[in-house]
Amino acid sequence: MNHLKDDESYQNRILSWQGGVAMFESNPITGVGAGNYTYANGTKFWPGSGRKHWLNAHSLYFKLLGELGLIGIITFGGYLICVFRLNFRLKRELQERNASAFLQQLPSMFNIMFCLLLFDGYAAHNLYRDAWYFVGALGASMSLLPMLTDPVKETAAGQIEGGAPVSADGEWSPALLPVLRKQVPTLSPPA
């Protein structure tokens, strides 16, 4: 096989991608629905002549385009932008607080993982893989670290100073745990 024209697998993948574009053109707002790419390709949108193939997209971008349409593109794009911004902000905050070198580099590693997933998405339908959400959750949970290291002090009047502020509706923050631990009586074992 000297030419890609002779490679049936490659040609079917190109046809599958064209089917994804046809799905978007048919349903630009919502696409054909999550998980329906293969079914839609095999029944209605296969652009090739002869026998229809029930192929998946093998591309994050065409799967997103065909299955979820504009709503999915905007939502997934918004998710990526939020996580990238969170990681950049978190890296800056950790550097300002002189956190360990490892912690300072973690947000950059998370962004690199997202870039690798986006690169891998060229030839893999990884849209619904949990790695996207697992890495985002790691970054979000790391964003709580600076808040938990803020010093919390109790004034002579019994008010709490420093740390994360208490919300307007009176909910407590994890940064208040040291103060709460001091106020909760502990039982010592009987002698």
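A nonpolar core is a set of buried Ala, Val, Leu, Ile, Met, Phe, Trp, Tyr and Cys residues joined through side-chain atoms within 4.5 Å; buried means under 20% relative accessible area with a 1.4 Å probe, counting protein chains only. The model is predicted, so that local features need pLDDT of at least 70 and side-chain atom pairs pLDDT 80 or more, while totals for chains, interfaces and linings use all residues. Residues are numbered from 1 along each chain as its sequence is written, and side-chain values use heavy atoms, without hydrogens and water.

**Exercise 1.** Determine the order of the helices and strands in the chain.

*Solution.* Helices are DSSP runs of H or I with at least four residues, and strands are runs of E with at least two, numbered from the N terminus. The chain has 7 helices and 2 strands. Read from the N terminus, the order is α-α-α-α-α-α-β-β-α.

**Exercise 2.** Describe the largest nonpolar core and identify the helix that supplies its largest share.

*Solution.* The largest nonpolar core holds 17 residues, among which Phe76, Leu80, Phe114, Trp132 and Met142 touch the most other members. At least two residues come from each of α3 (60–96), α4 (101–120) and α5 (131–142). The largest share, 8 residues, belongs to α3.

Next, consider one member. Leaving aside residues up to four places away in sequence, Leu80 touches Phe114, Leu118 and Trp132, where contact means heavy atoms within 4.5 Å.

**Exercise 3.** State how many residues form the second core, and what fraction of the chain is buried.

*Solution.* The second core is separate and has 6 residues, including Met23, Ala40, Phe45 and Ala57. Of the 191 residues in the chain, 32% are buried.

Conventions: Buried < 20%, exposed > 50% of the residue type's maximum accessible area, 1.4 Å probe, protein only.
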